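Please go through the fold of this chain with me by way of questions and answers, beginning with the whole chain and ending with single residues.

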Amino acid sequence: MALKKKRPQKSLAAGRPPILQRQPKSITRKSTKALINKHHLLEKRKKQALAKGDDAGVAAIDAEIQALGGLEAYQKASLQGQREDRGGDSSRVLMEWLQPCLTSHKEGSGRMLKMLEVGALSTQNACSQSGYFDITRIDLNSQGEGILQQDFMERPLPKDDTERFDIISLSLVLNFVPDPKGRGDMLKRTTEFLRAAGRYLEAPSLTTNFPSLFLVLPAPCVTNSRYLDEERLVGIMASLGYAKVESKTTQRLVYYLWRREGKGIARRFRKEEKRAGSTRNNFAVVLG
């Protein structure tokens, strides 16, 4: 009796519809963090070498930065923070806080508000797309972080209120500044670019949140620093005339909205230990 030929079995996958493949992440979170940290360390060493007049040292550090991929690689790593799978756009938090007063302002046919965005990484963030803001950008796409700090610190001061801003955004910028005094100087200089408090007589709904500073930092800068905690940060900002209006802490980031209320009372904040422990980082802000 002749044996029947067995039909070749189709693989299980052969009868399935095609599966949509997930897009791979361009940089893993671990690699992103390592690249950014290495870049910050090299920038700090470069600043020290420049201060010493060590041209050979500067050239060697520049070569290391280029070996990491230069500014292009740093930008790519920084932009991962804007991806949906990394928590998304930090300015969405700001828009959630501002939406009620901005809606009232727009219903009253109010003017567009002026924003200075320092260290802009994208023109597609929530603030840019909202239609509420006329945005001036100091763009990281064309500036290294050291040049970014210099560009803001050397930017001509406004001549009058027509050249000042309603809000300044420092989202993941202050932590780029390599030394504590430079960070304090940057915070102090923000007050020179904001409209004076109480100048919103034409739009009373804005007074709860404007003029203001939106500040975003990596969470460990405040939650695990040897030299800075939230109480000290609030004190530093109060001395500059800022009051905390909103705050939010996640595993990765801390967000703050500070309203400018006046000139403040000048105080000196030195680099003093607030938390002990070998696992603490050394992030600090020095003022005065």
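The questions and answers below concern a predicted model.

Q: How many helices and strands does the chain have?
A: The model is predicted, and its chain is 288 residues long, of which buried residues make up 44%. Among contacts between residues at least 6 apart in sequence, 71% join residues at least 24 apart. The secondary structure of the chain comes to 9 helices and 6 strands.

Q: What share of the area that the chain exposes is supplied by carbon and sulfur atoms?
A: The chain exposes about 16500 Å² in total. Of that area, the share that carbon and sulfur atoms supply is 51%.

Q: Is strand β4 mostly covered or mostly uncovered, and how many of its residues are buried?
A: Strand β4 runs over residues 212-218, and a residue counts as buried when its relative accessible area is under 20%. By that cut-off the strand is mostly covered, the number of buried residues being 6 of 7.

Q: Which residue of β4 stands opposite Ile 168, and what is the handedness of the crossover that leads from β3 to β4?
A: Strand β3, residues 167-171, pairs with β4 in the parallel sense over 5 bridges, and within this pairing Ile 168 stands opposite Leu 213. Between the two strands the chain passes through helix α7, residues 180-193, in a β-α-β crossover. The residue asked for is therefore Leu 213, and the handedness of the crossover is right-handed.

Q: In β6, which residue is the bridge partner of Phe 214?
A: Strand β4 also pairs with strand β6, residues 253-260, and here the sense is antiparallel, with 7 bridges. In this pairing the bridge partner of Phe 214 is Leu 257.

Q: Which elements give two or more residues to the largest nonpolar core?
A: This core has 33 residues, and those that touch the most other members are Val 118, Ile 168, Leu 170, Leu 187, Leu 213, Leu 217 and Trp 258. Leu 213 has contacts with residues that include Ile 168, Leu 187, Met 237 and Trp 258. The elements that give two or more residues to the core are β1, β3, α7, β4, α8, α9 and β6.

Q: How many residues make up the second, separate core?
A: In soluble globular proteins, nonpolar side chains tend to be buried together. In this model a second core, separate from the largest one, includes Leu 94, Phe 210, Phe 214 and Leu 257. The number of residues in this second core is 23.

Q: Against which elements do the buried residues of α9 pack?
A: The buried residues of α9 are Arg 232, Leu 233, Gly 235, Ile 236, Met 237 and Ser 239. Just after this helix, Gly 241 takes a positive phi of about 95 degrees. The elements against which the buried residues of α9 pack are α7, β4, α8, β5 and β6.

Q: Through how many residues does a hairpin join β5 to β6?
A: Strand β5, residues 242-249, pairs with β6 in the antiparallel sense over 7 bridges, and in β6 the bridge partner of Ser 247 is Tyr 256. The hairpin joins β5 to β6 through 3 residues.

Q: Why does Val 245 count as partly exposed, and how far is its C-alpha atom from that of Leu 257?
A: Val 245 lies in strand β5, and it counts as partly exposed because its relative accessibility is 27%, which falls between the limits of 20% and 50%. Val 245 touches Thr 208, Asn 209, Leu 257 and Arg 259, not counting residues up to four places away in sequence. Although Val 245 and Leu 257 are 12 residues apart along the chain, the separation of their C-alpha atoms is 5.5 Å.

Q: What is the omega of the cis peptide bond that joins Phe 210 and Pro 211?
A: Pro 211 lies in the loop between α7 and β4. The peptide bond that joins Phe 210 to Pro 211 is cis, with an omega of about -10 degrees.

Q: Which residues does the UniProt annotation "binding site" cover?
A: One of the annotated residues, Gly 119, is found in strand β1 and is buried, with a relative accessible area of 9%. According to the unreviewed UniProt entry, the residues covered by "binding site" are Gly 119 and Asp 139.

Conventions. Residues are numbered from 1 along each chain as its sequence is written. This is a predicted model: local features need pLDDT of at least 70, side-chain atom pairs count only at pLDDT 80 or more; totals for chains, interfaces and linings use all residues. Side-chain values use heavy atoms; hydrogens and water are left out. Buried means under 20% relative accessible area, exposed over 50%, partly exposed in between (1.4 Å probe, protein chains only). Helices (H or I, at least four residues) and strands (E, at least two) are DSSP runs, numbered from the N terminus. Two strands pair if DSSP finds at least two bridges between them. A crossover is right-handed if, with the strands pointing away from the viewer, the path from the first strand over the helix to the second runs clockwise. A nonpolar core is a set of buried Ala, Val, Leu, Ile, Met, Phe, Trp, Tyr and Cys residues joined through side-chain atoms within 4.5 Å. Contact means heavy atoms within 4.5 Å. Accessible areas come from the Shrake-Rupley method with a 1.4 Å probe; for residues, only the protein chains shown count as cover. UniProt positions are given in the numbering used here, feature names are shortened, and annotations may be inferred rather than shown by experiment.
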